[in-house]
Amino acid sequence: MPMTKWSGSSNGLITFEDQIFTLQFNIFEEDKVTVYQWTKQICEYRLQQHFERKSKNK
């Protein structure tokens, strides 16, 4: 899965354990919505790319 690869290359800044994706750094309160939206968009893109490639390889 792409999320495990993302967390594996993050040098500990991102973890994916027990199906929970976590950012391991502090975020200012006023930036939390923006960081959430960016992270969500990146995750959705990576998942879409992963499954598109997987379906093409069948």
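How many helices and strands does the secondary structure of the protein come to? Two helices and two strands. Keep in mind that you're looking at a predicted model. Walk along from the N terminus and the elements turn up in the order α-β-β-α.

**The overall picture**

The protein has 58 residues, and buried ones make up 17% of them. It exposes about 5,000 Å², with carbon and sulfur atoms supplying 53% of that area. What about contacts between residues that sit apart in the sequence? Take the contacts that link residues at least 6 apart: 34% of these join residues at least 24 apart.

**The two strands**

Now zoom in on the β-β part in the chain order. Strand β1 covers residues 14–17 and strand β2 covers residues 20–23. The two run antiparallel, and four bridges join them. Together β1 and β2 make a hairpin with two residues between the strands. Look for D18 in this hairpin, since D18 takes a positive phi near 50°.

Which residue in β2 is the bridge partner of F16? That's F21. These two residues come up again when you look at rings: the count of aromatic pairs comes to one, and that pair is formed by the rings of F16 and F21. Their ring centres are 6.5 Å apart. The planes meet at 55°, so the pair is called tilted; to be edge-to-face, the planes would have to be over 60 degrees apart.

Are the two rings' residues buried or exposed? Neither label fits: F16 is partly exposed at 21% relative accessible area, and F21 is partly exposed too, at 24%. Buried would mean under 20%, so F16, at 21%, doesn't make that cut.

**A salt bridge**

How many salt bridges does the count come to? One. Its partners are K32 and E29, whose closest N and O atoms are 3.4 Å apart. That distance fits the rule because a salt bridge needs the nitrogen and the oxygen within 4 Å of each other. K32 counts as partly exposed, with 41% relative accessibility. E29, on the other hand, is exposed at 60%, because exposed means over 50%.

**The four residues side by side**

Here are the residues of the aromatic pair and the salt bridge, with their accessibility.

| Residue | Relative accessible area | Label |
|---|---|---|
| F16 | 21% | partly exposed |
| F21 | 24% | partly exposed |
| K32 | 41% | partly exposed |
| E29 | 60% | exposed |

To find these spots in the structure, start at the hairpin of β1 and β2, pick out F16 and its partner F21, then look for K32 and E29 in their salt bridge.

Key:
Residues are numbered from 1 along each chain as its sequence is written. This is a predicted model: local features need pLDDT of at least 70, side-chain atom pairs count only at pLDDT 80 or more; totals for chains, interfaces and linings use all residues. Side-chain values use heavy atoms; hydrogens and water are left out. Buried means under 20% relative accessible area, exposed over 50%, partly exposed in between (1.4 Å probe, protein chains only). Contact means heavy atoms within 4.5 Å. Accessible areas come from the Shrake-Rupley method with a 1.4 Å probe; for residues, only the protein chains shown count as cover. A salt bridge is a side-chain nitrogen of Lys or Arg within 4 Å of a carboxyl oxygen of Asp or Glu. Rings of Phe, Tyr and Trp (its six-membered ring) pair if their centres lie within 6.5 Å; planes under 30 degrees apart count as stacked, over 60 as edge-to-face and the rest as tilted. Two strands pair if DSSP finds at least two bridges between them.
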